[in-house]
Amino acid sequence: MAGVCSGMKQIYAIGIGLIGGSLAKDIKRLDPEVVIHGISRKEATLNEALALNLIDKKATLDDIHKADLVIVSIPVDATVALLPTILDKISDHTLVVDAGSTKEAICKSVEDHPKRRNFLAMHPIAGTEFSGPSAAIDNLFLGKTNIICEVEKTAFKLQEKALKLFEGIGMRMRYMHPVAHDKHIAYVSHLSHISSFMLGKTVIEKEKNERDIFDMASSGFASTVRLAKSSPEMWTPIFKQNKDNVIETLEEYINNLIQFKALMEGDNFEAVFKEMKDTNHIRDILNGII
Ligand code: NAP
């Protein structure tokens, strides 16, 4: 499919890890005429991205006045710090999108910026537990949802270009207020990561002197702790930015765990059965989504 970038030929990817690198791969495959310029903190990361053909050229922030599109895929605290500078440096026609997993603080960081209309806030709901350029894969976004926030604050022409691009790589758009986004995502993403990290911790601590026990680890254990392999560099800023919502979800989750334990202590296995039976309803909810 040619032309998903509709006139946006000079693309600057700030952050070329899992998300930035996977976006670069899809864009380049679908629109081979684009030139992808990579920007990163570390030279080694840029060299790796070049070697993997994720980017065509290395660049710096001082080059982004030449950009048609800037894609920001760095940790959310770094995005908040850098986004105003990025908007300061772009031209009037440049579209800037970010892929951050939280949206309220990012939208707030540029709410009064004179170039706010050049920015589109989004969260592609797609990922893996891996990070860095080598984690980038084709079609990561195919069939996935892209949450767009405050679309009305982006210039209409730039909205159209962004829509064409993200529909072109196979995403379906959903529109949400940043506050609502952060509240909902705390339940469906942030809590799952914390529960996976703490499950991993619980088992590692208990079994540290019995490495053989991991031979008994079933696929259930492996799939439940998969997210515990995720990058702390990426997740700590997310939990910090979404602290209040995440604490609320944790309180509800901890209460459910305490309640389940109490049912076990009271030998109330009828209620234990019912808890699990009621939760099987998740199959109907997720059917067709996952
Ligand atoms: P990643 O694979 O770890 O890549 C992060 C990139 O950001 C690297 O190129 C790294 O380059 C750079 N970076 C790291 N710390 C930085 C800092 N303090 N300042 C500037 N650059 C920094 O991460 P990712 O999974 O692609 O995540 C990128 C963004 O997408 C995050 O905002 C995340 O919330 C969001 N997101 C992630 C997922 C997911 O499942 N992973 C899904 C949707 C959205 P250097 O090596 O040069 O530092």
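**Close-up views of a predicted model**

**View 1. The open sheet of eight strands.** The strands of this sheet follow the order 3-2-1-4-5-6-7-8, and their pairing is mixed. The edges are formed by strand 3 (57-58) and strand 8 (172-176), each of which pairs on one side only. The model shown here and in the views below is predicted. In total the chain has eleven helices and eight strands.

**View 2. Strand 4 and strand 5, a parallel pair.** Four bridges join strand 4 and strand 5, which pair in the parallel sense. Within this pair, Val 72 stands opposite Asp 98 of strand 5. Strand 5 is covered on both faces. Leu 95 and Val 97 are buried on one side, and Val 96 and Asp 98 are buried on the other. Asp 98 therefore appears twice in this view, as the residue opposite Val 72 and as one of the buried residues of strand 5, where buried means under 20% relative accessible area.

**View 3. Helix 3 across the sheet.** Helix 3 covers residues 76-89 and lies across four strands: strand 1 (10-14), strand 4 (69-72), strand 5 (95-98) and strand 6. Relative to strand 5, helix 3 runs at about 175°. Angles run from 0 to 180 degrees between N-to-C directions, so a value of about 175° places the directions of helix 3 and strand 5 almost opposite to each other.

**View 4. Strand 6 and strand 7, an antiparallel pair.** Residues 119-124 make up strand 6 and residues 145-149 make up strand 7. The two strands pair in the antiparallel sense, over four bridges. One of the residues to locate here is His 123, whose bridge partner in strand 7 is Ile 147. Both His 123 and Ile 147 return in the next view, among the contacts of His 181.

**View 5. The surroundings of His 181.** His 181 is part of helix 6, which spans residues 178-207. With a relative accessible area of 2%, His 181 is buried, because the cut-off for that class is under 20%. Neighbours within four places in sequence are left aside in the following list. The contacts of His 181 are Ser 101, Thr 102, Lys 103, His 123, Ile 147, Cys 149 and Met 176. Lys 161 can serve as a distance reference: it is 20 residues from His 181 in sequence, and the two C-alpha atoms are 23 Å apart.

**View 6. Leu 165 and the residues around it.** Leu 165 is found in helix 5. At 0% relative accessibility, Leu 165 counts as buried. Apart from neighbours within four places in sequence, Leu 165 is in contact with Val 4, Cys 5, Met 8, Ile 27 and Leu 69. For one of these, Cys 5, the separation along the chain is 160 residues, while the C-alpha atoms of Cys 5 and Leu 165 are separated by 5.6 Å.

**View 7. An aromatic pair in helix 8.** A search of the whole structure gives one aromatic pair. Its members are Trp 235 and Phe 239, at 5.5 Å centre to centre and with 35° between the planes, a tilted arrangement. Helix 8 covers residues 232-241, and Trp 235 and Phe 239 are about one helical turn apart because they are four residues apart in this helix. Trp 235 counts as buried at 6% relative accessibility, whereas Phe 239 counts as partly exposed at 21%.

**View 8. Two residues with positive phi.** Ser 6 lies in the segment before strand 1. Its phi is near 25°, a positive value in a residue other than glycine. Ser 6 counts as partly exposed, at 24% relative accessibility. Glu 150 is located in the loop between strand 7 and helix 5 (156-168). Glu 150 is not a glycine either, yet its phi is positive, at about 50°. The relative accessible area of Glu 150 is 13%, so Glu 150 is buried.

**View 9. The whole chain, for orientation.** The C-alpha atoms fill a box of roughly 70 × 40 × 35 Å along the principal axes. The chain has a radius of gyration of 21 Å, which agrees with the value near 19 Å for a compact globule with 290 residues. Of the 290 residues, 41% count as buried. The chain exposes about 15700 Å², and carbon and sulfur atoms supply 57% of this area. Among contacts between residues at least 6 apart in sequence, 74% join residues at least 24 apart.

How values were computed:
Residues numbered from 1 in each chain as written. Predicted model: local features only at pLDDT ≥ 70, side-chain atom pairs only at ≥ 80, totals over all residues. Heavy atoms only, no water. Pairing = 2+ DSSP bridges. Contact = heavy atoms within 4.5 Å. Phe/Tyr/Trp six-rings, centres within 6.5 Å; stacked < 30°, edge-to-face > 60°. Buried < 20%, exposed > 50% of the residue type's maximum accessible area, 1.4 Å probe, protein only. Rg over C-alpha atoms; globule rule 2.2 N^0.38 Å. Areas by Shrake-Rupley, 256 points an atom, 1.4 Å probe, with all protein chains shown as cover.
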